[in-house]
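Here's a short set of exercises with worked solutions for you to try against the coordinates. Have the viewer open and work through each one before reading its solution.

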Amino acid sequence: MTCTIPEMFDAICREEGAKVMFERPGQPPITYAAAHGLVLRLATALVELGVRPGDRVAVQVEKSPEAVLLYLACLRTGGLFLPLNTAYPGPEIDYFLGDAEPRLFVCAPEALPQYAGRASETLAVESLGAAADGTLMQRAAEAVPQPAPVTRGAADPAAILYTSGTTGRSKGAVLTHGNLASNTVALNQAWRFTSADRLIHALPIFHTHGLFVACNMAISTGATMIFLTRFDVDQIIDEMADATVLMGVPTFYSRLLESPRLDPLAVAEMRVFVSGSAPLPEDVHRQFAARTGHVILERYGMTETCMIASNPYDGERRTGAVGFALPEVDIRITDRETGAALPPGETGAIEVRGPNVFQGYWRMPEKTAAEFRDDGYFVTGDLGRFDDEGYLQIIGRDKDLVISGGYNVYPKEVETALDALPGVAESAVFGVPHPDFGEAVAALVVPEAGVSLDSDALLKALSGEIARYKQPKSVLLADELPRNVMGKVQKAELRRRFANLHSPAAG
Ligand code: MLC
Ligand code: AMP
């Protein structure tokens with residue numbers, strides 16, 4: 001059986017202890033050996049705070065090496081790591097804490113006064129700051145190292161990642177140690193990732209892409225992460241001089257293309273550029289190749305399934321395609337209505353089965369059952385087809401979802417927040433093309449009879465309720481929503497009508 005991620009980390013620290021795990025501009029590097037020492041002390045601190053196998057550890061902190069080490073420490077104790085987007089405001093956090101019932105909540109030091117009062121016999125509240133500060137680090141400093149990780153098998157849960165749903169209520173996808181480990185091994189193999197790699201890590205670490213793809217690949221091989229707190233074009237180009245791999249969302253690449261500094265010399269040391277989390281526009285793919293000589297390697301994944309398919313490392317990396325199933329992963333295309341398998345070339349629902357597919361939604365057995373077929377395939381909600389040479393193409397989505405700069409926004413959640421505002425009769429939220437984020441969130445709002453609403457005031461009212469990236473970039477007002485004869489709001493019509501909201505000509 002494949003080892004778990006904490007076991008892989010232990011092995012790498014024994015073999016490659018002196019290697020740098022985290023390199024940060026202007027800050028001292030952190031070796032694998034030093035990181036290991038801290039993980040063992042953090043693990044003891046977690047146990048002293050009451051974390052037992054199966055307990056949830058919810059974490060909303062700024063990106064830092066210590067936050068990654070907290071993830072490893074949590075997995076060592078058998079706890080379920082539950083990372084939360086730093087953009088989530090209080091009301092969203094309240095929901096996650098209520099739903100997941102964590103044993104420990106770790107927040108930023110600045111947020112501790114807001115959450116400390118929540119501490120109880122069943123919930124500990126600690127802090128962790130980006131400067132390796134906070135109460136959890138104080139506890140770790142005083143703790144003795146935990147000698148060995150709690151034994152975990154492939155089927156034991158390792159993490160919960162919340163993903164919004166079409167019903168508007170976020171669901172916690174429960175991922176197992178086997179999901180994380182098997183996917184990491186498959187990706188290392190597929191992208192030839194080794195300890196010699198130097199990965200530019202500029203993604204957030206509260207999602208699959210930044211944590212379970214980027215960090216796990218480095219942790220399992222002993223590669224160095226050039227660990228940047230956020231995406232900045234000039235900084236990325238500077239770091240490329242001494243790096244081998246960049247993993248990013250399509251917005252990374254469209255922004256890099258805007259820089260006159262992006263040329264073959266700037267990427268001379270780089271081995272591979274990987275894109276995922278949202279469709280890579282064909283013109284970005286082509287322009288990047290023309291400017292740098294590197295063909296971006298596009299792959300496809302999902303919170304519930306980790307990575308599913310990838311273009312080949314050797315062989316043609318096709319524009320507009322996400323490649324072939326990863327080792328041990330099965331993909332099929334089915335009829336959306338009947339669920340019957342479709343022949344190659346036909347477009348239908350993308351279904352996935354394999355060691356990468358999650359266990360189910362946290363405490364939602366009906367929802368879980370509804371999204372799995374009897375033979376174990378998970379229905380992704382994406383639509384696709386296999387092309388003439390077997391490359392998977394993603395054609396669209398069966399789910400009402402907007403992907404903005406790699407972040408998923410479920411319209412229902414934004415509509416619920418808008419509809420709750422005074423004077424709003426109803427609303428429809430949809431995605432429109434956006435030059436930087438790929439898609440942007442837009443809303444059409446119908447005021448209650450006799451009420452006059454102001455778009456800016458509506459946006460302001462939303463600001464404390466939902467994360468900034470979920471808030472519409474434009475709020476339009478109308479007397480009614482377009483509906484079909486069944487009374488269903490015609491989102492496709494809205495997307496068509498407002499397709500040019502962010503086009504250059506529209507200003
Ligand atoms: C920031 N803003 C966004 C946004 N990111 N709005 C919509 N969509 C986004 N993605 C807001 C900011 O709050 C700000 O608002 C304004 O837009 C401009 O911000 P910015 O400074 O330009 O943004 P920046 O900080 O540079 O971030 C852009 C980004 C970031 C693309 C680098 O969004 C990012 O890192 N995205 C990656 C998301 C990710 O990791 N997804 C993986 C999910 S896992 P204002 O008004 O306050 O100025 C997954 C599975 C898989 O999907 O397959 O991988
Ligand atoms: P998330 O739920 O945040 O994990 O987002 C997963 C969704 O992102 C998938 O269901 C797809 O719709 C989308 N996605 C991920 N990678 C790609 C890609 N390379 N091309 C198109 N869509 C993608």
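**Exercise 1.** Which strands does helix H14 lie across, and what sheet do these strands form?

*Solution.* Start with the helix. In this predicted model, helix H14 (residues 455-462) lies across S23, S24 and S25, and runs at about 130° to S25. Next, the sheet below: S23, S24 and S25 make an open sheet of three strands, ordered S23-S24-S25, with mixed pairing. Now look at the edges. Strand S23 (424-434) and strand S25 (474-477) each have a single partner strand, so one side of each has no neighbour in the sheet. As for twist, neighbouring strands are turned by 25° against each other on average, direction ignored. One more helix belongs in the picture: H13 (residues 411-419) packs on the sheet too, touching S23 and S24, and its direction makes about 140° with that of S23.

**Exercise 2.** In which sense do S24 and S25 pair, parallel or antiparallel, and over how many bridges?

*Solution.* Keep the general rule in mind: strands of a sheet pair through backbone hydrogen bonds, in either a parallel or an antiparallel way. Then trace strand S24 (residues 438-447) beside S25: the two pair in the parallel sense, over four bridges. For a landmark, find valine 445, which stands opposite leucine 477 in S25.

**Exercise 3.** Work out the order of the sheet that contains S16, S17, S19 and S20, and say which strands stand at its edges.

*Solution.* Order comes before edges here. The four strands form an open sheet, S16-S17-S19-S20, with antiparallel pairing. Strand S16 (330-334) and S20 stand at the edges with a single partner strand each, so each has one side left without a neighbour in the sheet. Here the average turn between neighbouring strands is 50°, direction ignored. To check one pair, take strand S19 (residues 378-386) and S20, which pair in the antiparallel sense over five bridges. Within that pair, glycine 384 has isoleucine 394 in S20 as its bridge partner.

**Exercise 4.** Describe the surroundings of ligand 2: which residues come nearest, and which strand gives the most to the shell?

*Solution.* There are 16 residues around ligand 2, and Arg299, Thr303, Asp382, Lys399 and Asn408 come nearest. Strand S13 (297-302) and strand S20 (392-397) supply at least two shell residues each, and S13 gives the most, with five. By class, the shell has seven nonpolar, four polar and five charged residues.

Now for the polar contacts:
- A nitrogen atom of the ligand sits 2.7 Å from a backbone N or O atom of arginine 299.
- A polar backbone atom of serine 277 is 3.1 Å from a nitrogen atom of ligand 2.
- In the side chain of aspartate 382, an N or O atom is 2.6 Å from an oxygen atom of ligand 2.

Finish with the area: alone, ligand 2 exposes 500 Å², and the protein buries 93% of that.

**Exercise 5.** Do likewise for ligand 1: what makes up its shell, and how much of the ligand does the protein cover?

*Solution.* Of 23 residues around ligand 1, Arg255, Ser277, Arg299, Ser404 and Arg468 come nearest. Helix H10 (250-257) and S13 each supply at least two shell residues. The classes are ten nonpolar, eight polar and five charged.

On to the polar contacts. Side-chain N or O atoms lie 2.7 Å from a ligand oxygen at arginine 468 and 3.0 Å from one at arginine 230. A polar backbone atom of glycine 405 is 3.0 Å from a nitrogen atom of ligand 1. Finally, ligand 1 has 1000 Å² of accessible area on its own, of which the protein covers 74%.

Terms used:
Residues are numbered from 1 along each chain as its sequence is written. Chains are lettered from A and ligands numbered from 1 in the order in which they are written. This is a predicted model: local features need pLDDT of at least 70, side-chain atom pairs count only at pLDDT 80 or more; totals for chains, interfaces and linings use all residues. Side-chain values use heavy atoms; hydrogens and water are left out. A residue is near a molecule or strand if one of its heavy atoms lies within 4 Å of it. A polar contact is a pair of N or O atoms within 3.5 Å; within protein, one must be able to donate a hydrogen and the other to accept it, and residues adjacent in sequence count only if both atoms are side-chain atoms. Accessible areas come from the Shrake-Rupley method with a 1.4 Å probe; for residues, only the protein chains shown count as cover. Ala, Val, Leu, Ile, Met, Phe, Trp, Tyr, Cys and Pro count as nonpolar, Asp, Glu, Lys and Arg as charged, and the others, Gly among them, as polar. Two strands pair if DSSP finds at least two bridges between them. Axes are lines fitted to C-alpha atoms, for helices over the stretch in contact, and angles run from 0 to 180 degrees between N-to-C directions. Contact means heavy atoms within 4.5 Å.
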